[in-house]
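Subject: Handing over a structure

Hi there,

Here is the structure I promised to pass on to you. Have a look at it first, and then read on for what turned up.

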Amino acid sequence: MATEAKYLIVQFLRWVAARPRWVGEVRAAWRSTCPLNCAWEDALADNMVALSRDGRVELTAIGRARLECEL
């Protein structure tokens, strides 16, 4: 993964961790026309975030661990 993509994923995880986020908010804020820079979809595919039943996007244990590595 390119350095820029890694940075975007960390930035995305920090953004999700800051407060509750809803799927619509995440899609609007983190959509990308570039398939190489879609932090939202990459984080979801790598199990760093998960969707709750009520539509929230939440960090998983993997996502929290990834953030801790960046501190």
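Let's start with two helices: α1 and α2 cross in a right-handed way. Please keep in mind that this is a predicted model. Helix α1 covers residues 3–18 and helix α2 covers residues 23–30. They pack at an angle of about 145°, and their axes are 12 Å apart.

Which residues make the contact? From α1 they are L8, Q11, F12 and W15, while α2 brings E25, V26, A29 and W30. Sorted by class, this contact has 6 nonpolar residues, 1 polar and 1 charged.

Next comes the sheet. It is open and is formed by 3 strands in the order β1-β3-β2, with antiparallel pairing. The edges are taken by β1 (21–22) and β2 (49–51); each has a single partner strand, so one side of each is left without a neighbour in the sheet. Strand β3 (residues 56–59) is joined to β2 by 3 bridges. If you would like a pair to look for, V49 has L59 in β3 as its bridge partner. Helix α1 comes back here too: α1 packs on the sheet and touches β1, β2 and β3. The direction of α1 makes about 115° with that of β3.

Last, the aromatic rings. Searching the whole structure gives 4 aromatic pairs. F12, W15, W30 and W40 are linked by ring pairs into a cluster. Two residues of α1, F12 and W15, and W30 of α2 also belong to the helix contact above. And what lies over the face of W15? That is R21, at 3.8 Å from the ring centre.

Enjoy exploring, and best wishes!

Notes:
Residues numbered from 1 in each chain as written. Predicted model: local features only at pLDDT ≥ 70, side-chain atom pairs only at ≥ 80, totals over all residues. Heavy atoms only, no water. Axes fitted to C-alpha atoms, helices over the stretch in contact; angles between N-to-C directions. Helix = DSSP H or I, 4+ residues; strand = E, 2+ residues; numbered from the N terminus. Left-handed = near helix turned anticlockwise from the far one by under 90°. Contact = heavy atoms within 4.5 Å. Nonpolar A, V, L, I, M, F, W, Y, C, P; charged D, E, K, R; others polar. Pairing = 2+ DSSP bridges. Phe/Tyr/Trp six-rings, centres within 6.5 Å; stacked < 30°, edge-to-face > 60°. Lys NZ or Arg CZ within 6 Å of the ring centre and 35° of its normal.
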